[in-house]
Amino acid sequence: MNRVVAVLSRIGRLLPAYAVLYIGFLYLPILLLPLFSFNDSKILGFPLTGFTTKWYGSLAEQTALFDALKNSLIVAVVSAVVATSLGTLISRAITKHRFPLRRISQTLVMAPLVMPEIIIAISLLIVFLGIGIGTTLFTVILAHSLLTIPFCVSIMTSAFGQFDDALEEAAVDLGETSWGALRRVTLPVVSPGIISSLLISFTVSFDEFILAFFLSGNSPTLPVYIWSQVRFPAKLPNVIALGSLLILISILFLLVAERFRRRSERFTQQPE
Amino acid sequence: MTLDKNARLGLLLATPTTLYVLLLIAAPVGMTIAYSFWTQEFVDVTRDFTWANYREVFADPLYRTLIFRSVRIAAMVTLLTVLLAYPVAYHIAFNVKKNKAMWLFLVTIPFWTSYLLRVFSWKLILAQNGVVNSALLWLGVIDTPIDTLLYNSEAVVVTLAHAWAPFAILPIFVSLEKIDRSYLEAAKDLGEGPVRSFLRVTLPLSIPGIIGASMIIFIPTVGDYVTPALVGGSDGAMVANMIQVQFGKANNWPLGAALALSAVVCVTGAACLLVLGLKLIERSLK
């Protein structure tokens, strides 16, 4: 026991240094891709040989990439809208209403988050082929909406949960109908949450691989296209350049989403 | 049953989403269960009830090995991720006074970038001329590059421990943040040193966070496909890779479905044992 105490108290003093090292460990992989993307060599390894932007330049020649990008954008935009709409409806119900099976609904809609994705993928594949609708971008959209609903529900329940009911009651007292109060008071106040939910679900869908891999048929999304390229060493520098751009886009989206989420918290905070 | 207006409206608002998730989860999983009891005959599936697929899954050493290896790797990933993440969550909860939100945001950013690309990047880190070998050579620790860093189950464990980091930090942070600070002061007043009060107050009270983190990491990891496929090699292959083969090249969907469901049953059993173990630790510490 005394030895445990001695070791733990030593660890305690090193904690800040460890936390910084750990953050470095978290960022190492996503900083490495941009580093190699500017390296003037087909071999992805050290030592670095020189600076070039040619891997980015030659991305423009790959038409299959742009088709995949278009597919990914369609899927991510539609999934984000569908998941955010469905997520907003149920979040409003969960936070402001008491109804039968409320807890069961709440647990059920969070389920996609804890199910192994491969199980969701094969189950959907079996059903979609079984009922004869095949695999297309539409089936990827159905799957991605399912996967992103839990993210939208967590963001929107928090947005509605912090919303001060007195605002809506005041609007009704002042002569608004309950629909008018929802549209002109509640929705504007929770709108930063809605935007944050749209951006987060867009990002999740845009990066998702397994479901798209099983369900996209002949119209690959960007991650499925990247997967098909990873096997060819000659294509790797291009993949790395593309990957660096995608990481940059994801981080930009995330930063904007975070801004809106914070604004939503500030907007909806109840008076002390 | 009569419902008031509030309840009717709530039900109306909740129904579309609940139905959507129910239709896309319950119905497909039901179909998968049915498939696992059918038989593949060339291009057709014979719909006669049989246990043959499950018998094959548990009799064939290849499938058995893959399932047990997947559970073992997931358990190791869970343990490593929680061990590595706990001190960071502790640091943010107790040492960071301002900017806690900024720290948490910093921890979650990498998670939002493409999982596929992050795993691929680990291939570059562990390669023969990768980051680890180059650093060790440069430091003079080794003379020749280590060529066994990639393509084994350890590479899979490290890569996944990285991928799941925020899922461990966030729940543990939440449980640490909730601890009433007066308990710690009381322990101090009663003459407990910082380490003893950690072991007897902080750690037991953070077990719910550890359980939450473990579940959210353990269950999906058993079904991971990308990491074993990219950095696992043949020694690090997991059950999801074989499920994909059955639904692809081998074209034996009933067997693939039986494999997937067997993995789910094993993972559920293992998860229950894990929670039980953690609860026992919690009780013995209190």
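## Cavities at a glance

Let's start inside: the structure holds three cavities of 30 Å³ or more. Keep in mind that this is a predicted model.

## The largest cavity

The largest of the cavities has a volume of about 680 Å³. If you want to find it on screen, 29 residues line it, and those closest to its centre are Glu117(A), Leu147(A), Phe111(B), Tyr115(B) and Trp164(B). So both chains turn up in that list. The lining also draws on helices of each chain. From chain A, helix H5 (117–130), helix H6 (137–162) and helix H8 (178–207) each supply at least two residues. From chain B, helix H4 (100–112), helix H5 (115–126) and helix H10 (194–222) each do likewise, with at least two residues.

What is the make-up of this lining by class, in nonpolar, polar and charged residues? It divides into 20 nonpolar, four polar and five charged residues.

## The second largest cavity

About 60 Å³ of space lies in the second largest cavity. Chain A lines it with Pro116(A), Ile118(A) and Ile119(A). From chain B come Val222(B), Gly223(B), Val239(B), Ile243(B), Ala260(B), Ala263(B), Val264(B) and Val267(B).

In terms of helices, H5 of chain A, helix H12 (239–247) of chain B and helix H13 (253–285) of chain B each give at least two lining residues. H13(B) has the largest share, with four residues. By class, the lining of this second largest cavity has ten nonpolar residues, one polar and no charged.

## Where the chains meet

Now for the interface itself. Here 76 residues of chain B are in contact with 82 residues of chain A. The area buried between the two chains is about 7300 Å², and carbon and sulfur atoms give 83% of that. Which three residues supply more than any other three of the area that chain B buries against chain A? They are Tyr20(B), Trp112(B) and Leu117(B), which together supply 10% of it.

As for helices, H1 (residues 5–36) of chain B gives the most to the side of chain B that touches chain A, with 21 residues. That side of chain B has 58 nonpolar, 16 polar and two charged residues. How many salt bridges are there between chain B and chain A? The count is zero. Polar contacts do turn up, with eleven residue pairs between the chains, both residues at pLDDT 80 or more.

## Salt bridges

Over all chains, the structure holds six salt bridges. One to look at is the pair Lys96(A) and Asp165(A), where the closest N and O atoms are 2.8 Å apart. Lys96(A) lies in helix H3 (residues 63–96) of chain A and Asp165(A) in helix H7 (residues 165–173) of chain A, so this salt bridge ties together parts that are 69 residues apart in sequence.

Note on methods:
Residues are numbered from 1 along each chain as its sequence is written. Chains are lettered from A and ligands numbered from 1 in the order in which they are written. This is a predicted model: local features need pLDDT of at least 70, side-chain atom pairs count only at pLDDT 80 or more; totals for chains, interfaces and linings use all residues. Side-chain values use heavy atoms; hydrogens and water are left out. Contact means heavy atoms within 4.5 Å. Buried area is the accessible area (1.4 Å probe) that two parts lose on being put together, summed over both. A salt bridge is a side-chain nitrogen of Lys or Arg within 4 Å of a carboxyl oxygen of Asp or Glu. A polar contact is a pair of N or O atoms within 3.5 Å; within protein, one must be able to donate a hydrogen and the other to accept it, and residues adjacent in sequence count only if both atoms are side-chain atoms. Ala, Val, Leu, Ile, Met, Phe, Trp, Tyr, Cys and Pro count as nonpolar, Asp, Glu, Lys and Arg as charged, and the others, Gly among them, as polar. On a 1 Å grid over the protein atoms alone, a cavity is a set of points where a 1.4 Å probe fits but cannot get out, and a pocket is an open set with protein on both sides within 12 Å along at least five of seven lines; lining residues have an atom within 4 Å of a point. Grid points are joined across faces, edges and corners, and a volume is the space filled by probe spheres set on the points.
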